[in-house]
Amino acid sequence: MGAFYFTVIGVIALVFLFMALINRYRRCPSDKILVIYGNKGSKASAKCVHGGGAFVWPIIEDYAYMSLTPISIDANLTNALSRQNIRVDVPCRFTVGISTEPDSMLAAAERLLGQSAQQIQELARDILFGQLRLVIATMSIEELNSDRDKFLEAISANVEVELKKIGLRLINVNVTDIKDESGYIEALGQEAAAKAINEAKVRVAEQEKLGEIGKAEAVRETRVRTAEANAEAVKGENEAKIAIANSDAIRREREAEAQRKAVAAEKVANAQALEEAYAAEQKAEEARADRERSTQNANVIVAQEIEKKRLVIEAEAAAEQKRVNAKGEADAIFAKMEAEAKGLFEILTKQASGYDKMIQAAGGDATKAYTLLLLEKLPELVKTQVEAIKGINIDKVTVWDNGSGDGKTSTANFLSGLMKSVPPLAELFDQAGMALPEYLAKRKEEETPTSEEAE
């Protein structure tokens with residue numbers, strides 16, 4: 001009984017153990033990734049399973065799920081700087097999700113495990129904003145506005161690499177209307193609209209032109225057919241008239257042909273005669289013109305050229321003569337001035353030497369020396385005083401007597417006053433800044449009577 005009891009307990013324990021082991025086997029749904037972590041027996045920090053299942057060891061391992069549900073992120077980028085330095089607003093909506101590639105699942109397990117969808121969205125938005133600005137900076141406004149495929153390819157190429165680093169992948173990019181602060185894109189749209197409207201107008205005008213052409217062709221066809229019918233009706237009437245007219249025409253044609261040939265032959269002969277006469281006159285006029293031209297060249301041009309050469313030679317000769325005369329005058333003036341300078345230098349040198357010897361002869365007294373010079377010039381000074389009245393013509397002088405009754409004649413008084421007007425010798429010495437020699441001065445004082453003696 002006891003053995004049976006222990007057997008039953010063992011079986012129950014094995015059943016519970018088996019059930020526990022079965023409960024540790026985890027299956028991964030298709031919209032999730034199973035992340036098993038805790039066992040560091042492998043090099044990887046975690047084991048990622050998608051679309052299958054794995055056994056999770058109790059105690060030493062644990063697990064978690066990461067959702068593959070796409071995350072929609074609004075990235076309304078504003079004031080982004082384009083390649084043309086124009087700021088644009090680029091509203092975008094990105095759809096991202098965790099990648100199922102082995103490397104990407106491991107990166108997502110390391111960086112996104114335990115993060116909520118909102119946190120993953122904020123992290124991805126920061127990456128998207130940075131890469132979006134980078135892409136816009138490499139493109140122009142025209143490329144952003146018209147070449148959307150290139151824009152989306154550039155975004156995908158840049159964003160995919162950065163998202164892969166955290167285990168995400170880009171599913172879709174939706175770019176709505178791009179705007180810029182300067183209105184450049186709006187102007188491009190208006191230009192495109194105007195171009196489309198103009199092209200439509202051109203196509204309408206082309207169709208109207210084709211309609212008018214078709215209408216004109218129909219009217220023309222109607223008129224042609226009507227004219228053909230009228231022509232057929234008149235044709236029969238005219239055929240009879242033509243037969244009659246033909247015989248008359250043939251007769252008149254032959255007559256006219258004979259007349260024409262006669263007149264033409266006459267006119268041809270006259271024209272040939274005139275042509276020959278005109279040709280002869282033309283040759284004569286050309287010969288005369290050549291002769292007149294030669295005569296003018298000989299009479300005018302040659303003479304003018306000779307006169308021109310003569311004037312040039314005369315001008316050159318005159319210029320050369322002026323240069324020679326100017327040089328001669330300059331040499332003469334220079335020689336004269338040099339001779340005068342040398343003469344003046346010799347005179348001054350001799351005078352200085354004479355003055356020096358004179359001062360030495362006077363015992364080194366400069367006053368005595370210039371007294372001697374003054375005595376040498378004394379005859380000239382006296383001569384100058386005498387010359388002052390020498391030229392007066394007494395015969396031409398009329399003197400009026402004032403009737404003073406002093407016993408002197410008017411002429412005597414005039415001559416006495418005239419002599420007094422000549423500067424005395426002592427005054428001349430004073431004006432020159434010199435003193436009259438003592439022997440002359442004493443002689444003057446001795447000869448001058450005192451007032452008592454005069455009485």
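Of the 455 residues in the protein chain, buried ones make up 16%. Keep in mind that this is a predicted model. The chain's secondary structure comes to 11 helices and 9 strands. Its exposed area is about 33,700 Å², and carbon and sulfur atoms supply 58% of that. Now look at contacts between residues with a separation of 6 or more: 66% of them join residues 24 or more positions apart.

**The largest core**

Let's go inside. In soluble globular proteins, nonpolar side chains tend to be buried together. Here, the largest nonpolar core has 41 residues, and Phe94, Ile136, Phe151 and Leu163 touch the most other members. Which elements give two or more residues to this core? On the strand side they are E2 (32-37), E6 (71-81), E7 (87-98) and E8 (168-175), and on the helix side H2 (102-111), H3 (117-137), H4 (141-146) and H5 (148-164). H3 gives the most, with 7 residues.

Take isoleucine 136 as a sample. Leaving aside neighbours within four places in sequence, isoleucine 136 is in contact with Leu77, Ala80, Leu81, Ser82, Arg83, Val88, Val90, Leu144 and Phe151.

Helix H2 is worth a look too. Its buried residues are Ser104, Met105, Ala107, Ala108 and Ala109. What do the buried residues of H2 pack against? They meet E2, strand E3 (46-49), strand E5 (62-67), E7 and H5.

Back in H3, you'll find glutamine 131. Glutamine 131 counts as buried because its relative accessibility is 14%, and the cut-off for buried is under 20%. Not counting residues up to four places away in sequence, glutamine 131 touches Asn158, Val159 and Glu162.

**A second core and a pair of rings**

Apart from the largest core lies another one, of 6 residues, including Leu34, Ile36, Val49 and Val56. Leucine 34 sits in strand E2. Is leucine 34 buried or exposed? With a relative accessibility of 0%, leucine 34 counts as buried. Its list of contacts, not counting residues up to four places away in sequence, is Arg26, Cys28, Lys47, Cys48, Val49, Ala54, Tyr63, Ala64 and Tyr65. There is also a nice case of folding back to spot: leucine 34 and histidine 50 are 16 residues apart in sequence, and their C-alpha atoms are 6.3 Å apart in space.

Two names from that contact list, Tyr63 and Tyr65, come up again here. The structure holds 1 aromatic pair. Why is the pair formed by tyrosine 63 and tyrosine 65 called edge-to-face? The ring planes of tyrosine 63 and tyrosine 65 stand at 80°, with the ring centres 5.9 Å apart, so the pair is edge-to-face.

**Out on the surface**

Some nonpolar side chains show up on the outside. Val8, Ile12 and Phe16 make a nonpolar surface patch of about 280 Å². Isoleucine 12 belongs to helix H1 (residues 2-23). Here is how isoleucine 12 lines up beside the two tyrosines:

| Residue | Relative accessible area | Class |
|---|---|---|
| Isoleucine 12 | 40% | partly exposed |
| Tyrosine 63 | 25% | partly exposed |
| Tyrosine 65 | 32% | partly exposed |

Why does isoleucine 12 count as partly exposed? Its relative accessible area is 40%, and partly exposed residues fall between the cut-offs of under 20% for buried and over 50% for exposed.

Technical notes: Residues are numbered from 1 along each chain as its sequence is written. This is a predicted model: local features need pLDDT of at least 70, side-chain atom pairs count only at pLDDT 80 or more; totals for chains, interfaces and linings use all residues. Side-chain values use heavy atoms; hydrogens and water are left out. Patches are made of residues with over 30% relative accessible area and no salt bridge: like charges are joined within 9 Å, nonpolar side chains (Val, Leu, Ile, Met, Phe, Trp, Tyr) within 5 Å. Accessible areas come from the Shrake-Rupley method with a 1.4 Å probe; for residues, only the protein chains shown count as cover. A salt bridge is a side-chain nitrogen of Lys or Arg within 4 Å of a carboxyl oxygen of Asp or Glu. Helices (H or I, at least four residues) and strands (E, at least two) are DSSP runs, numbered from the N terminus. Buried means under 20% relative accessible area, exposed over 50%, partly exposed in between (1.4 Å probe, protein chains only). Rings of Phe, Tyr and Trp (its six-membered ring) pair if their centres lie within 6.5 Å; planes under 30 degrees apart count as stacked, over 60 as edge-to-face and the rest as tilted. A nonpolar core is a set of buried Ala, Val, Leu, Ile, Met, Phe, Trp, Tyr and Cys residues joined through side-chain atoms within 4.5 Å. Contact means heavy atoms within 4.5 Å.
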